[in-house]
Amino acid sequence: MEITLKNIKKSYNHKTVLNIPDFRFTKGKIYGIIGPNGAGKSTLLKTIARLEALSEGEILYNHQPFRKAILKDMTYLTQKPFLFAASVRENISYPLKFRQYKRDEINFLVERIISEFSIEHLANQLATKLSGGEAQRVALARALIFNPQILLLDEPTSNMDPNSIEIIEKIILKYNQNKDKMILFITHNVGQAKRVCDEVIYLENGIIVESGKAKTVIEAPKSENLRRFLALEYYVN
Ligand SMILES: Nc1ncnc2c1ncn2[C@@H]1O[C@H](COP(=O)(O)OP(=O)(O)O)[C@@H](O)[C@H]1O
Ligand SMILES: [Mg+2]
């Protein structure tokens with residue numbers, strides 16, 4: 001799997017919020033997307049997930065124009081996850097029911113992921129009553145259960161306590177341990193980007209200002225803007 005951005009632009013009310021001439025995401029890598037508020041990070045993930053239409057340009061999936069079949073292999077997790085008013089267990093099993101997995105298989109996979117995410121204590125609770133961090137954890141479990149090839153995660157740990165963050169970072173790393181997935185993930189936590197990501201992209205005003213190996217981009221930023229951004233992020237995290 002490979003995702004190529006070709007001259008993509010996205011505008012709202014004549015204002016360009018995303019402008020990427022050429023970029024390629026490849027299989028087996030975890031990409032961290034960082035940048036200030038309003039930089040276009042969420043817009044980038046939404047256009048890849050086809051939740052927002054491009055104003056110009058094209059996104060290729062495995063060198064092909066978008067086809068609906070791609071959506072079966074891709075999952076997008078919003079910043080504020082939407083869970084429906086049923087138990088956590090039912091929320092998590094939904095993607096498998098939707099894909100018509102057999103009941104035994106559903107039970108097996110659901111119990112396995114509940115244990116992997118250490119959410120046994122939440123399994124029978126009403127999902128709409130969870131705290132922000134708990135809901136994020138359940139939404140990620142639901143997103144991973146059908147083993148998608150491409151994960152698009154918008155600040156997946158933003159409301160979590162340190163203990164939950166550690167669990168989720170381990171799960172994300174394990175998910176790509178065979179280097180067969182592609183994970184694009186927006187984070188405000190520079191330390192997290194360094195711990196989890198192979199590559200980091202720094203976006204500002206819809207433009208990729210710097211990108212490359214996570215360690216290089218974070219430890220040896222080239223641009224003054226990124227240097228300033230990193231200094232402030234370290235300060236607040
Ligand atoms: N639906 C929309 N209508 C108008 N402007 C939008 C819309 N969605 C995002 N924007 C604007 O696009 C810019 C980029 O937003 P976003 O991608 O959400 O930034 P980030 O996720 O980096 O904080 C912001 O200036 C935001 O106000
Ligand atoms: Mg955002």
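Just after helix H2, Gln-100 takes a positive phi of about 60°. That's a handy way into this model, which is a predicted one. From here we'll look at how H2 packs against its neighbours, then at H4 with H5, the shell around ligand 1, two buried residues and a pair of histidines.

**H2 and what covers it**

- Helix H2 spans residues 88-98, and its buried residues are Val-88, Asn-91, Ile-92 and Ser-93.
- The cover over those buried residues includes helix H3 (103-116) and H4.

**H2 against H3**

- Two packed helices are described by the angle between their axes and the distance between the axes.
- For H2 and H3, the axes come within 10 Å and cross at roughly 135°.
- That angle makes H2 oblique to H3, because it falls outside the ranges for roughly parallel (under 35 degrees), roughly antiparallel (over 145) and roughly perpendicular (65 to 115).
- The H2–H3 crossing is right-handed.
- On the H2 side, the contact is made by Arg-89, Ile-92, Ser-93, Leu-96 and Lys-97, and H3 brings Ile-106, Leu-109, Val-110, Ile-113 and Ile-114.
- Sorted by class, the contact of H2 with H3 has seven nonpolar residues, one polar and two charged.

**H2 against H4**

- Here the packing angle is about 30°, and the axes of H2 and H4 are 7 Å apart.
- H2 and H4 are therefore roughly parallel to each other, because angles under 35 degrees count that way.
- H2 passes H4 in a right-handed crossing.
- H2 makes this contact with Val-88, Asn-91, Ile-92, Tyr-94 and Pro-95, while H4 uses Val-138, Ala-141 and Arg-142.
- The class split for the contact of H2 with H4 is six nonpolar, one polar and one charged.
- Ile-92 turns up in the H2 contact with H3 and again in the H2 contact with H4.

**H4 against H5**

- Helix H4 (residues 132-144) and helix H5 (residues 162-175) have axes that come within 11 Å and cross at roughly 15°.
- That makes H4 roughly parallel to H5.
- The crossing of H4 and H5 is left-handed.
- Gly-133, Arg-137, Leu-140 and Leu-144 make the contact from H4, and Ser-164, Ile-168 and Tyr-175 make it from H5.
- By class, the contact of H4 with H5 comes out as four nonpolar, two polar and one charged.

**Around ligand 1**

- Which residues surround ligand 1? They are Tyr-12, Val-17, Gly-35, Asn-37, Gly-38, Ala-39, Gly-40, Lys-41, Ser-42 and Thr-43.
- Helix H1 (residues 41-48) gives the most to this shell, with three residues.
- By class, the shell around ligand 1 has three nonpolar residues, six polar and one charged.

**Two buried residues**

- Leu-122 sits in the loop between H3 and H4.
- Is Leu-122 buried or exposed? It's buried, because 23 other C-beta atoms lie within 10 Å and 20 or more is the cut-off.
- Leaving out residues up to four places away in sequence, Leu-122 touches Val-88, Leu-130, Glu-134 and Val-138.
- One of those partners, Val-88, is itself a buried residue of H2.
- Leu-122 and Thr-4 are 118 residues apart along the chain, and their C-alpha atoms are separated by 39 Å.
- Over in strand E2 you'll find Ile-20, which is buried, with 21 other C-beta atoms within 10 Å.
- Not counting neighbours within four places in sequence, Ile-20 is in contact with Leu-5, Ile-8 and Ile-208.
- Between Ile-20 and Gly-57 there are 9.1 Å in space, C-alpha to C-alpha, and the two are 37 residues apart in sequence.

**Two histidines with positive phi**

- Most residues other than glycine have a negative phi.
- His-14 isn't a glycine, yet its phi is positive, at about 65°.
- You'll find His-14 in the loop between strand E1 (2-12) and strand E2 (15-26).
- His-14 counts as exposed because it has 6 C-beta neighbours inside 10 Å, and 12 or fewer is the cut-off.
- His-63 also has a positive phi, near 65°.
- The loop that holds His-63 runs between strand E4 (56-61) and strand E5 (74-77).
- With 7 C-beta neighbours inside 10 Å, His-63 counts as exposed.

Notes: Residues numbered from 1 in each chain as written. Chains lettered and ligands numbered in written order. Predicted model: local features only at pLDDT ≥ 70, side-chain atom pairs only at ≥ 80, totals over all residues. Axes fitted to C-alpha atoms, helices over the stretch in contact; angles between N-to-C directions. Helix = DSSP H or I, 4+ residues; strand = E, 2+ residues; numbered from the N terminus. Left-handed = near helix turned anticlockwise from the far one by under 90°. Contact = placed C-beta atoms within 7 Å. Nonpolar A, V, L, I, M, F, W, Y, C, P; charged D, E, K, R; others polar. Near = placed C-beta within 6 Å.
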